[in-house]
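I opened this model to go through its charged pairs, its buried positions and its backbone. The entries below follow the order in which I looked things up.

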Amino acid sequence: MTPDDPLLRILVCPLDKGPLTLVPAADALYNPRLRRRYPVVDGVPQLLPSSGVPVPDDEHERLVSGAEPSPRA
């Protein structure tokens, strides 16, 4: 998955239905509001609520500062 992937325009968090941020270095999508990271496996986002991993404060800061926002229409 790349930052210009059109799929990113429609993907939302399964819990709060808000936009997700692509973190290419971690092969993940991130919801900074709920501090949950969803893996991307072989280019397929794993967006089941049970797939989301809680992120501690220090990792949240790293993801927010180094993450690329997903394109929104």
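**Entry 1. Arg35 and its partner.** I began with Arg35 in this predicted model. Arg35 is partly exposed, at 29% relative accessible area. Its side chain meets that of Asp57 in a salt bridge, 2.5 Å from N to O. I noted that this pair links distant parts of the chain: Arg35 is in the loop between S2 and S3, Asp57 is in helix H1, and their positions lie 22 residues apart in the numbering. Asp57 counts as exposed because its relative accessible area is 54%, over the 50% cut-off.

**Entry 2. The other salt bridges.** I searched the whole structure and got four salt bridges. One of them joins the side chains of Asp16 and Arg33 at 2.9 Å, N to O. This pair also links distant parts of the chain, with Asp16 in the segment before S1 and Arg33 in the loop between S2 and strand S3 (36-41), 17 residues apart. I looked up accessibility for both partners: Asp16 is partly exposed at 31%, and Arg33 is partly exposed at 42%.

I then took the side chains of Arg37 and Glu59, which meet in a salt bridge of 3.4 Å, N to O. Arg37 is in strand S3 and Glu59 is in helix H1, so the pair links distant parts of the chain, 22 residues apart. Arg37 is partly exposed, with a relative accessible area of 24%. Is Glu59 buried or exposed? Glu59 is buried, since its relative accessible area is 16% and the cut-off for buried is under 20%. Salt bridges with shared partners join Arg37, Glu59 and Arg62 into one network.

**Entry 3. Asn31.** Next I checked a polar residue in a strand. Asn31 is found in strand S2, residues 28-31. Asn31 counts as buried because its relative accessibility is 0%. What does the Asn31 side chain make a polar contact with? I found the side chain of Asp16, at 3.2 Å. Asp16 is thus recorded twice in this notebook, here with Asn31 and above in the salt bridge with Arg33. A polar atom of the Asn31 side chain also lies 3.2 Å from the backbone nitrogen of Leu34. Leaving out residues up to four places away in sequence, I listed Cys13, Asp16, Leu20 and Arg36 as the residues Asn31 touches.

**Entry 4. The nonpolar core.** Which residues make up the largest nonpolar core? I listed nine: Leu8, Leu11, Cys13, Leu20, Leu22, Leu29, Tyr38, Val40 and Leu47. In soluble globular proteins, nonpolar side chains tend to be buried together. Two members of this core, Cys13 and Leu20, are also among the residues that Asn31 touches. For Leu47 I noted contacts with Leu11, Val12, Pro14, Leu20, Leu29 and Tyr38, again not counting residues up to four places away in sequence.

**Entry 5. Leu63.** I went back to helix H1 (residues 57-66), where Leu63 lies. Leu63 is buried because its relative accessible area is 2%. Apart from neighbours within four places in sequence, Leu63 is in contact with Val23, Tyr30 and Val55. I also took a C-alpha separation: Leu63 and Ala25 are 38 residues apart along the chain, and their C-alpha atoms are separated by 9.8 Å.

**Entry 6. Positive phi.** I looked for positive phi in residues other than glycine. Lys17 has phi near 60° and is placed in the segment before strand S1 (21-23). Lys17 counts as exposed, at 54% relative accessibility. Asp27 has phi near 45° and sits in the loop between S1 and S2. Asp27 is partly exposed because its relative accessible area is 48%, and exposed would require over 50%.

**Entry 7. Whole protein.** I finished with the totals. The protein has one helix and six strands, in the order β-β-β-β-β-α-β along the sequence. Of its 73 residues, 36% are buried. Among contacts with a separation of 6 or more, residues 24 or more positions apart account for 36%. The exposed area is about 4,300 Å², of which carbon and sulfur atoms supply 57%.

Technical notes:
Residues numbered from 1 in each chain as written. Predicted model: local features only at pLDDT ≥ 70, side-chain atom pairs only at ≥ 80, totals over all residues. Heavy atoms only, no water. Helix = DSSP H or I, 4+ residues; strand = E, 2+ residues; numbered from the N terminus. Buried < 20%, exposed > 50% of the residue type's maximum accessible area, 1.4 Å probe, protein only. Polar contact = N/O pair within 3.5 Å; in protein donor to acceptor, adjacent residues only side chain to side chain. Contact = heavy atoms within 4.5 Å. Areas by Shrake-Rupley, 256 points an atom, 1.4 Å probe, with all protein chains shown as cover. Core = buried A, V, L, I, M, F, W, Y, C linked by side-chain atoms within 4.5 Å.
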